[in-house]
Number of protein chains: 2
Amino acid sequence: MAKKIKAFKDKGNQLVVSVSAMSGETNRMSALALEVQDSPSLREMDVLLTTGEQVTISLLAMALQQSGCDAISYTGAQVRIITDSEHGKARIKSIDDHRIRRSLAEGKVVVVAGFQGVDEDGHITTLGRGGSDTTAVALAAALKADECQIYTDVDGVYTTDPRIEPNAQKMETVSYEEMLEMSSLGSKVLQIRSVEFASKYQVPLRVLSSMIDNPVGTLITSEENIVERALISGIAHNQDEAKLSLIGVPDEPGIAYKILNPISRANIEVDMIVQSVSAREGLTNFAFTVHRRDFDKANSILHSVCEKLGAKAVQSDNQTAKVSLVGIGMRSHAGIAAKMFEVLHKENINIQMIATSEIKISVIVDEKYLELAVRSLHKAFELEQK
Amino acid sequence: MAKKIKAFKDKGNQLVVSVSAMSGETNRMSALALEVQDSPSLREMDVLLTTGEQVTISLLAMALQQSGCDAISYTGAQVRIITDSEHGKARIKSIDDHRIRRSLAEGKVVVVAGFQGVDEDGHITTLGRGGSDTTAVALAAALKADECQIYTDVDGVYTTDPRIEPNAQKMETVSYEEMLEMSSLGSKVLQIRSVEFASKYQVPLRVLSSMIDNPVGTLITSEENIVERALISGIAHNQDEAKLSLIGVPDEPGIAYKILNPISRANIEVDMIVQSVSAREGLTNFAFTVHRRDFDKANSILHSVCEKLGAKAVQSDNQTAKVSLVGIGMRSHAGIAAKMFEVLHKENINIQMIATSEIKISVIVDEKYLELAVRSLHKAFELEQK
């Protein structure tokens, strides 16, 4: 890391670097906490976990100094990354860039602890999942940086998962909105919150590999900065989806609430929801998907709901997968959905559910068809020639 | 620890607890630093090392909560332990007790990270050796606590080292000044800086064992609070002393400076210094002691000084030890020194150097006589009957 940073600095750039904890440290500390408290206090957990980044910022600053690159480390508290008081999942409210700018003006590389902040009252907080990426984006926004580079274990954003489709192409650019859809659809490249943040503050975000020298990666930016817009940018997939349906429910007001309220009260998140008219008059079918880990719980809840509402039957399937087309080009081009359904039909892949948004079409299919669906759509929409 | 603290709290006490890092953590982190930087930056080292206490404060707060005792942790920065900017050996300038008092008023046990603070500019600092004890004493002073208890691996301050003299007695009370002399003479119970601090702010300091239930320990307090003053409080010893002498130095002004300046410039600390008139007129002998680890370096410097000054010879001995009598009673009682010399003479122990202060007499003897000297003095001054 120090070498990469020094090379970048030597080209005349001013740099602020945000780092996360060393691999395994968060787990090690969580285990320590569980040894002393059955259900560790969220406030104290934040005090504990933030030491992980405090270790890495000091070590990185030392490594930079060793390579002849002046550097200084700051904790979240020191650069006043002010958050709300939601320990474990705090949101950044403001950053005081004064101290960082002063150190930059002194020719130093500034190393800031990711993932952490303090609330208005000075209590230490953590940002939760994806927190280090979010810190980087927030710093870039506060400093009006030219670009925020996120170094990960992949070298960019691909048109689809290269493990499924070897012809998947790395995208040069992708819009915030497309990236948000990809993230929410299971693409693991970036945490959704950091993309939201980048979009909100219009921070150009570049995903790069930390393993490759002089990487180019993929630039995530606003729609108007993308010169050549593709019809479809990529195909996302998610194998963790399980489908549950209630068949033959009396079609009356409030039925969705009556079905989904017990599910959400059990802390189960629902993804896709489809309500359709059944063959028999006055009855409807209601289907939704949940994460596969919640399938058993959701299934048993749905069975008691079925009885209570006098519905005909529950049909559940946890061997399903979601395949999604994402692209801002969809807005101006009709017929994308029709083409998608045609491709899947030609491959004899049955579509179990459909959900659409302005720039996305998702379908639920039997999980055994996942790879086939991804590959045939990738080919049909000519993504391999990107 | 949590059990001890809870028991104390349940008796109606308000408590502030200061903790150090877990055993071995400081070494582990120092090793990490040396992996990335040949000579780790003192500022970044402080950022790194202070995570050790941040881990223990959070874990202790969790353990207290688990045992049904409401608790909250604070880093040095959070309770504004303001120090100077001497990284690695900073000195406390002030503590803001406002936040601690508020948490105490809420019925919480307050757990504060020892060993650390921030300078006026918000940079993280460490207090150096004995830093955790110093933090505790400083907090007690700032909060005007009834007592500052230091939990260690010994159960109090003894009249002498119990490993040498099994009849050594635990003292109920000892004065700050005596404790300072004992600490500086090699008694390892407390770091000298914490005793200095306690003395300056008149904080009653109690040394206790963390291994024993309901320990009493030894109270270190000001002289006027000690009802029954013993003539001699204790006998300290130090085996790390090495003696160096310059024989037959021309006795002229500035000779002490000419001898000791090269030594101190080599960063060697000198303990005892004795200058005596030699048998030959116009010549003097000059002797001093250093820590044994510095013996070789000091010896070689002294040989070149000997040549430069035209002195007769260097006599060096690193098989020496220091034995000291300490007691505020000495002030009002003559004859203590005479009795000490008599006891040693009777045992045929040759005294190589003598140094005295108002409440202390130290002698350098051959290290093989160390135990004998301690035991015979302990008996002669009737310390075993305390």
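# A guided tour of a predicted two-chain model

Begin by selecting strand β12 (residues 234–238) and strand β17 (residues 320–326) of chain A: they run antiparallel and are joined by five bridges. Strands, like helices, are DSSP runs numbered from the N terminus, a strand (E) having at least two residues and a helix (H or I) at least four. Two strands pair if DSSP finds at least two bridges between them. This is a predicted model, in which local features need pLDDT of at least 70 and side-chain atom pairs count only at pLDDT 80 or more, while totals for chains, interfaces and linings use all residues. Residues are numbered from 1 along each chain as its sequence is written, and chains are lettered from A and ligands numbered from 1 in the order in which they are written.

**First stop: strand β12(A)**

Select G234(A), whose bridge partner in β17(A) is V326(A). Next, colour the five residues of β12(A); five of the five are buried. A residue is buried if 20 or more other C-beta atoms lie within 10 Å of its own, exposed if 12 or fewer, and partly exposed in between, with C-beta atoms placed from the backbone. Both faces of β12(A) are covered: one side carries G234(A), A236(A) and N238(A), and the other carries I235(A) and H237(A).

**Second stop: strand β11(A) and its partners**

Move to strand β11 (residues 218–221) of chain A. Which residues of β11(A) are buried on each side? T218(A) and I220(A) are buried on one side, and L219(A) and T221(A) on the other. Now add strand β9 (residues 173–175) of chain A, which pairs with β11(A) in the parallel sense over three bridges. Within this pair, T173(A) stands opposite L219(A). Then add strand β10 (residues 205–209) of chain A, which runs antiparallel to β11(A) and is joined to it by three bridges. Here L205(A) is the residue opposite I220(A).

**Third stop: two positive phi angles**

Select R80(A), in the loop between β2 (71–74) and β3 (81–83) of chain A. R80(A) has a positive phi of about 50° although it is not a glycine. Because it has 17 C-beta neighbours inside 10 Å, R80(A) counts as partly exposed. Continue to E382(A), in the segment after α12 (370–380) of chain A. E382(A) is not a glycine either, yet has a positive phi of about 55°. With 12 C-beta neighbours inside 10 Å, E382(A) counts as exposed.

**Fourth stop: chain A as a whole**

Display the whole of chain A, which has twelve helices and 19 strands. Its C-alpha atoms fill a box of roughly 75 × 55 × 30 Å, taken along the principal axes. Of the 386 residues in chain A, 46% are buried. If the viewer can colour by pLDDT (the predictor's confidence in each residue, from 0 to 100), do so: chain A averages 90, and 97% of the residues score at least 70.

**Fifth stop: where the chains meet**

Show both chains. How many residues does each chain bring to the contact? Chain A and chain B each bring 25 residues. Two residues are in contact if their C-beta atoms, placed from the backbone, lie within 7 Å. On the side of chain A that touches chain B, α2 (25–36), α3 (42–49) and α4 (51–66) each supply at least two residues. The largest share, eleven residues, comes from α4(A). Of the interface residues of chain A, 100% are also interface residues in chain B, so the copies meet through the same surface. For the complex, the predictor gives an ipTM of 0.78 and a pTM of 0.80.

A rotation of 180° with 0.1 Å of shift along its axis superposes chain A on chain B, with an RMSD of 0.2 Å; the fit is by least squares on the C-alpha atoms of residues with pLDDT of at least 70 in both copies. The two copies are therefore related as by a two-fold rotation axis. To locate the axis from chain A, select T51(A): its C-alpha is the nearest to the axis in that chain, 2.5 Å from it.

**Last stop: V189(B)**

Finally, select V189(B), in the loop between α7 (176–184) and α8 (192–200) of chain B. V189(B) counts as partly exposed, with 18 C-beta neighbours inside 10 Å. Leaving aside neighbours within four places in sequence, V189(B) is in contact with T152(B), V154(B), V157(B) and V207(B). V157(B) is 32 residues from V189(B) in sequence, and the two are 7.0 Å apart in space, C-alpha to C-alpha.
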